[in-house]
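I opened a new model today and went through it feature by feature. My notes follow the order in which I looked things up.

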Amino acid sequence: MATVAEQMVRILRDSGVRRIYGIVGDSLNPVVDAVRRTPGIEWVHVRHEETAAFAAAAEAQITGRLTVCAGSCGPGNLHLINGLYDAHRSGAPVLAIASHIPSNQIGTGFFQETHPEQLFAECSHFSELVSQADQMPRLLRIAMQTAVGRGGVSVLSIPGDVSERRATGSATEAVHLVEPSPVVPREAAIAELAEVLDSGEKVMLFAGAGCRDAHDEVMALAGRLLAPVGHSLGGKEWIQFDNPYDVGMSGLLGYGACYDAMHEADRVVLLGTDFPYDGFLPQAHTVQIDTNPAHLGRRTPLDLAVHGSVKETLAAVLPRLRQRTDRSFLDRMLHEHARRLEKVVDAYTKDIEHHTPIHPEYAAAVLDEVAADDAVFTVDTGMGNVWAARYLTPNGRRRVIGSFRHGSMANALPHAIGAALSSPGRQVVSISGDGGLAMLMGDLLTLSLYDVPVKVVLFNNASLGMVKLEMLVDGLPSYGTDHTPVDFSAIAAACGIWSTRVDHPGEVRSALTKAFEHQGPALVELTTDPNAMSIPPKITSEMLRGFALAASKTVLNGGVGKMVELARSNLRNIPRP
């Protein structure tokens, strides 16, 4: 007769789960042993449960399938929480198995006692305690379907002694997980949307991650309305490529004319974005389209809210819109976008092949050229986000995964582990900062143990660069941000990983090329300039009092890589009278 743990593992396997990330131990041992005895599902031993949750989140985002992580009672499952917050805010379907203390000890203040079903409630759609063997199959079905159906985290807390009990009912059953269908707005909403869009003289589109499958429809709408198109960081990979209407990105890492276009337009259309930085939004004359009705209007007052998927909504409204002929607003914003990029790009292109420490902008530009056309990039929060936003060229096949909504340090390496294990044969590049890598550095051992072919590109400036910048714009002297340089390549080599350290920019390309050609995991450590922080050419008094948008418009206006070439190309394609 199967145990509850065996029953759970078999249901997970038969429902499409391929691996469980976690650390063995104590109350979780029955589950791990069930994995050992169940073909078709594997246990991935990481060095920190936070890594397990991040890895599961990345696998879910790459594959679209439910993924699983696990932690033992008390401290073990508590370590999952940061990665689960990230997964939940990213909408990644993740199930966390939070093992618990013996059921008869719950409530007694027992060794390692916590209440995981309560602790994980804020970072999940579903968090429940399995207290009886016959509860487990039903609660597991609910947890799995909730994670997939609502997009986010479910947590099952299960005491170790319950996991060891005999299962009741069928030893296994496949759960047919149903993904949500596209949302098509009501006819009245489409008609009202068409009227509102047609009434605007200067329309601007701002695209987020909800535009993932709607690139063609967004381009068609921009062409019909002759509207400039900006994007959030989450929308970059889906909307910037093949985009003759591009005016850059808004937000704390923004660049180009996106902010100006948004604030000059008399109709701003938010497409599939829950953009959190409301100070960048005009707070007026705005239309929002989103599949989640809870997102509508929570960042800005709306003239019109439309509950619908971007692709289906735009396909329905496009035939109702008149073709604009006045390109003056669009062309002026395209010219302004190119002007802004041209203005800042020179500072990052002069003598960079010879400058030491290495300009991180130069290294990021080379990385963009050397990496595969379908590479998956995982990026650390901080300056890694800056280099990814500015220098990675999207093409519709590349993926960029980061902690864009939760903003956690140390996510890049764990995300890369999940992305690589779920995508054999696909190049996976972790763009790590020295601060982020140091935080979860133990999982270099996971790369080595499983020979996971992640390529870690480490930007080592011996500083917490983003924190230093935050202090600068707050008018504070940097403190606690710099530390003694560390040779991470030596640490990686000691872990059994091919590694190299690069101090001269002329060696960057060859080092990256060798790493990418290497069959197993590799680490390229780049000693970069700690003073390269992509700050504006002038620090105003307003900026020193904070990220003052009225003065700075785009807060981190620095190097922009190939985006200046895109802007130039778009200018060349403007029709002449």
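These entries run from the whole chain down to single side chains.

**Overall**

I am working from a predicted model. I counted the secondary structure and got 25 helices and 18 strands. The protein has 577 residues, and 59% of them count as buried. I then took the contacts between residues at least 6 apart in sequence; 74% of these join residues at least 24 apart. The exposed surface comes to about 22,000 Å². Carbon and sulfur atoms supply 51% of that area.

**Nonpolar cores**

I looked up the largest nonpolar core, which has 49 residues. Leu205, Val218 and Leu271 have the most contacts inside it. Another core lies apart from it, with 45 residues. Cys69, Val153, Ala416 and Val454 are among its members.

I went back to Val218 and left aside its neighbours within four places in sequence. What does valine 218 contact then? I found Leu205, Cys211, Val229, Ile239, Leu271, Val310 and Leu314. Leu205 and Leu271 thus appear in this list as well as among the residues with the most contacts in the core.

**Strands S11 and S12**

I followed the side chains along strand S12, residues 304–307. Leu304 and Val306 point to one face and are buried. Ala305 and His307 point to the other face and are not buried. That fits the general rule: in a regular strand, side chains alternate between the two faces of the sheet.

Next I checked the pairing. S11, residues 286–290, runs parallel to S12, with four bridges between them. Isoleucine 289 has valine 306 of S12 as its bridge partner. Val306 is also one of the buried side chains of S12.

**Cysteines**

I searched the whole structure for disulfides and found zero. Why does cysteine 123 have no bond to cysteine 69? Cysteine 69 holds the closest cysteine sulfur, but the distance is 9.8 Å, which is too far for a bond. The cut-off I used is 2.5 Å between the sulfur atoms. Cysteine 123 is buried, at 0% relative accessible area. Cysteine 211 is buried too, with a value of 0%. Cys211 is one of the contacts of Val218.

**Helix H15**

I asked how many residues of H15 are buried. Eight of the eleven are, so I noted the helix, residues 360–370, as mostly covered. The buried ones are Pro360, Glu361, Tyr362, Ala363, Ala364, Val366, Leu367 and Asp368.

What do they pack against? I listed four strands by name: S13 (376–379), S15 (428–433), S16 (455–460) and S18 (522–527). Helices H16 (383–391) and H22 (508–517) are on the list as well.

**Aromatic rings**

My search of the whole structure gave five aromatic pairs. One of them joins phenylalanine 275 and phenylalanine 280. Their centres are 6.4 Å apart, with 80 degrees between the planes, and the pair is edge-to-face. Phenylalanine 280 also pairs with tyrosine 277. Here the centres are 6.3 Å apart and the planes stand at 75 degrees, so this pair is edge-to-face.

Which of these rings are buried, and which partly exposed? Phenylalanine 275 is buried at 6% relative accessibility. Phenylalanine 280 is buried at 3%. Tyrosine 277, at 38%, counts as partly exposed. I closed the entry with the cluster that ring pairs build: Phe206, Tyr259, Phe275, Tyr277 and Phe280.

Conventions: Residues numbered from 1 in each chain as written. Predicted model: local features only at pLDDT ≥ 70, side-chain atom pairs only at ≥ 80, totals over all residues. Heavy atoms only, no water. Core = buried A, V, L, I, M, F, W, Y, C linked by side-chain atoms within 4.5 Å. Buried < 20%, exposed > 50% of the residue type's maximum accessible area, 1.4 Å probe, protein only. Contact = heavy atoms within 4.5 Å. Helix = DSSP H or I, 4+ residues; strand = E, 2+ residues; numbered from the N terminus. Areas by Shrake-Rupley, 256 points an atom, 1.4 Å probe, with all protein chains shown as cover. Pairing = 2+ DSSP bridges. Phe/Tyr/Trp six-rings, centres within 6.5 Å; stacked < 30°, edge-to-face > 60°.
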